[in-house]
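The following exercises concern the packing of helices and the ordering of strands in a single chain. Each task is followed by a solution in steps.

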Amino acid sequence: MNALVTGSTSGIGLGIAQRLAAKGVNVMLNGFGTPEQIEAAKQSVAAYGVKVGYHGADLTKVAEVEDLVKSTEQLFGQVDVLVNNAGIQHVSPVESFDPAKWDAVIAINLSAAFHTTRLVLPGMQARNWGRIVNIASAHGLVASANKSAYVAAKHGIVGLTKVVALENAKTGITCNAVCPGWVLTPLVQAQVDARAVREGVSVEEAKVGLLSEKQPSQEFVTPEQLGGLVVFLCSDDAQEVRGVAWNMDGGWVAQ
Ligand code: NAD
């Protein structure tokens with residue numbers, strides 16, 4: 001089995017790539033990073049004895065997304081599993097939200113998933129099997145202030161997930177979303193650091209503050225746990241799980 005995982009040079013995407021590899025799935029990695037970071041990511045996946053590729057497509061550019069999918073199909077012969085994971089954050093009230101940041105968040109967190117999905121679907125349909133997993137967020141289900149583009153994109157990808165699931169409901173192709181709460185990745189570390197500065201507290205206190213606001217378990221979700229859920233959604237047992245937005249969030253949206 002062969003997977004394309006976007007944004008898999010760090011954080012959640014890398015955790016998912018490793019969990020898929022542990023199940024024997026070949027993985028095409030994508031995302032930014034220094035040559036050393038990219039090599040380390042590749043090695044950490046190859047350690048499971050699977051084939052690993054890397055493509056540095058910038059997902060804001062449609063031609064590069066097209067090349068990413070084409071290259072993955074050329075490398076592995078076919079894409080059986082697509083995980084749309086790449087994402088960025090920008091925090092600001094709507095009235096001062098930089099329009100260029102809005103466009104970037106929508107392009108990476110939402111439109112890129114549309115493009116990869118439309119490009120992998122014909123092959124999956126021809127084989128009558130496929131798994132598309134979109135990494136949304138608790139912010140795909142509920143909102144927070146100052147995250148207009150992110151919340152809009154994440155609600156959008158939950159909607160896209162349902163449509164793709166319905167359009168392929170009579171096939172062996174499923175499409176589902178995963179909605180993580182806080183995971184301590186570089187994306188969230190930046191928010192922890194900003195909070196520490198803003199509140200004049202230590203980074204450790206800022207972490208506790210962040211969790212206290214939203215996540216009743218007071219524990220971060222881990223990339224490995226999310227990888228485990230993605231592996232389940234890619235299994236045959238999950239054949240009739242279609243169009244869900246499955247939260248793994250320490251109780252965030254139960255409140
Ligand atoms: P991260 O910053 O660790 O990783 C993001 C990945 O996306 C990196 O590999 C990065 O290089 C890549 N990327 C960024 N811009 C790109 C572009 N233009 N083209 C290609 N790749 C690009 O972030 P993360 O926390 O692991 O987030 C992964 C996903 O999980 C995102 O969609 C994010 O919204 C979602 N998520 C994260 C959390 C959290 O608490 N960390 C919670 C809910 C959802």
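Angles between axes under 35 degrees count as roughly parallel, those over 145 as roughly antiparallel, those from 65 to 115 as roughly perpendicular, and the rest as oblique. The model used throughout is a predicted one.

**Exercise 1.** Determine how α1 and α2 are oriented to each other, and identify the residues that meet.

*Solution.*
1. The axes of α1 and α2 are 8 Å apart, and the packing angle is about 25°.
2. An angle under 35 degrees counts as roughly parallel; α1 and α2 are therefore roughly parallel to each other.
3. From α1, the residues L14, A17, Q18 and A21 meet A41, S44 and V45 of α2.
4. Sorted by class, the contact of α1 with α2 has five nonpolar and two polar residues, and no charged ones.

**Exercise 2.** Classify the crossing of helix α1 with helix α8, state its hand, and describe the contact.

*Solution.*
1. Helix α1 spans residues 11-22 and helix α8 residues 223-233; their axes come within 8 Å and cross at roughly 50°.
2. This angle makes α1 oblique to α8.
3. The crossing in which α1 passes α8 is right-handed.
4. On the α1 side, the contact is made by G11, I12, L14, G15, I16, Q18, R19 and L20. On the α8 side, P223, E224, L226, G227, G228, V230 and V231 take part.
5. By class, the contact of α1 with α8 comprises eight nonpolar, five polar and two charged residues.

**Exercise 3.** Carry out the corresponding analysis for helix α6 and helix α7.

*Solution.*
1. Helix α6 (residues 186-199) packs on helix α7 (residues 203-214) at an angle of about 105°, and their axes are 8 Å apart.
2. Because of this angle, α6 is roughly perpendicular to α7.
3. α6 contributes Q191, V192, D193, R195, A196 and E199 to the contact, while α7 contributes V203, A206, K207, G209 and L210.
4. The classes in the contact of α6 with α7 are five nonpolar, two polar and four charged residues.

**Exercise 4.** Establish the strand order of the sheet and explain why β3 and β7 stand at its edges.

*Solution.*
1. The open sheet consists of seven strands in the order β3-β2-β1-β4-β5-β6-β7, with parallel pairing.
2. β3 and β7 (245-248) each have a single partner strand, so one side of each is left without a neighbour in the sheet.
3. From one strand to the next, the twist averages 20°.
4. At one edge, β3 (residues 52-55) is joined to β2 (residues 26-30) by four bridges, the two strands running parallel. Within this pair, N30 has H55 of β3 as its bridge partner.
5. The chain passes from β2 through helix α2 (residues 35-46) to β3, a β-α-β crossover that is right-handed.
6. At the other edge, strand β6 (residues 173-180) pairs with β7 in the parallel sense over four bridges. Here V178 has W246 of β7 as its bridge partner.

**Exercise 5.** State which strands helix α4 lies across.

*Solution.*
1. Helix α4 (residues 99-127) lies across β4 (81-84), β5 (130-135) and β6.
2. Its direction is at about 175° to β4.

Conventions:
Residues are numbered from 1 along each chain as its sequence is written. This is a predicted model: local features need pLDDT of at least 70, side-chain atom pairs count only at pLDDT 80 or more; totals for chains, interfaces and linings use all residues. Two strands pair if DSSP finds at least two bridges between them. A crossover is right-handed if, with the strands pointing away from the viewer, the path from the first strand over the helix to the second runs clockwise. Axes are lines fitted to C-alpha atoms, for helices over the stretch in contact, and angles run from 0 to 180 degrees between N-to-C directions. A crossing is left-handed if the near helix is turned anticlockwise from the far one by less than a right angle, and right-handed if clockwise. Two residues are in contact if their C-beta atoms, placed from the backbone, lie within 7 Å. Ala, Val, Leu, Ile, Met, Phe, Trp, Tyr, Cys and Pro count as nonpolar, Asp, Glu, Lys and Arg as charged, and the others, Gly among them, as polar.
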